[in-house]
Amino acid sequence: MNDFLEILLESFIDSIKMLPFLLLMFFLIEYLEHRAGKRTIGLLTKSSRLGPVMGSVLGVLPQCGFSVLASGLYAKRLITIGTLLAVFISTSDEAILILLYRPELISQTLLLMGVKVVIAI
């Protein structure tokens with residue numbers, strides 16, 4: 001029981017340490033989404049041949065809102081199925097933010113994101 005409490009305490013302390021960084025990243029992502037939302041939609045809808053490339057590059061950013069946005073665009077027939085699949089394949093989740101929090105893992109994390117973009121394209 002003592003080990004369980006120690007693990008719980010350490011997990012709580014680690015979570016508290018990461019909270020300011022994650023909060024800052026979420027605010028930054030939300031700001032960028034609201035600021036560049038219309039441009040993003042324009043990029044995806046105007047470039048049908050380059051849609052999967054644009055979708056995979058935009059999808060690799062750590063956000064779940066972009067995949068939801070792409071689903072809505074596909075439902076309205078504004079993007080192709082290829083673009084939608086590229087977004088889904090390359091979409092990063094919040095785990096990328098956690099990996100970027102550790103400086104020794106930045107090169108591996110960027111490599112992972114690059115591989116996801118290439119596979120999605």
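Which helix gives the most to the nonpolar patch? In this predicted model, that contribution comes from helix 4, which supplies 4 residues. The patch and its setting in the chain are described below, followed by a charged patch and a buried serine.

The chain contains 6 helices and 0 strands, and its elements follow the pattern α-α-α-α-α-α when read along the sequence. Of the 121 residues in the chain, 30% are buried. Among contacts with a separation of 6 or more, 68% are between residues 24 or more positions apart. The accessible surface of the chain amounts to about 8,300 Å², and carbon and sulfur atoms account for 72% of this area.

The nonpolar patch lies on the surface and consists of I81, L85, F88, I89, L111, V115 and I119. Together, these residues have about 660 Å² of accessible area. Two helices each supply at least two residues of the patch, namely helix 4, spanning 81–90, and helix 6, spanning 106–120. One of the patch members, V115, is placed in helix 6. The relative accessibility of V115 is 40%, and this residue therefore counts as partly exposed, a class that lies between the buried limit of under 20% and the exposed limit of over 50%.

A second patch on the surface is negative in character and is formed by D3, E6, E10 and D14. Among these residues, D14 is located in helix 1, which comprises residues 2–46. Because its relative accessible area is 39%, D14 is classed as partly exposed. Patch membership requires over 30% relative accessible area, and the value of 39% for D14 may be read beside that of 40% for V115.

A contrasting environment is found at S56, a residue of helix 2, which covers residues 51–59. S56 counts as buried because its relative accessibility is 0%, where the class is defined by a relative accessible area of under 20%. When neighbours within four places in sequence are left aside, the contacts of S56 are with A86, S90, V117, A120 and I121. Helix 4, at 81–90, and helix 6, at 106–120, thus appear both as suppliers of the nonpolar patch and, through residues including A86 and V117, in the surroundings of S56.

Methods: Residues numbered from 1 in each chain as written. Predicted model: local features only at pLDDT ≥ 70, side-chain atom pairs only at ≥ 80, totals over all residues. Heavy atoms only, no water. Patch = residues over 30% accessible without salt bridge, like charges linked within 9 Å, V, L, I, M, F, W, Y side chains within 5 Å. Areas by Shrake-Rupley, 256 points an atom, 1.4 Å probe, with all protein chains shown as cover. Salt bridge = Lys/Arg side-chain N within 4 Å of Asp/Glu carboxyl O. Buried < 20%, exposed > 50% of the residue type's maximum accessible area, 1.4 Å probe, protein only. Contact = heavy atoms within 4.5 Å. Lys, Arg positive; Asp, Glu negative; His and termini not counted. Charge placed at Lys NZ, Arg CZ, Asp CG, Glu CD.
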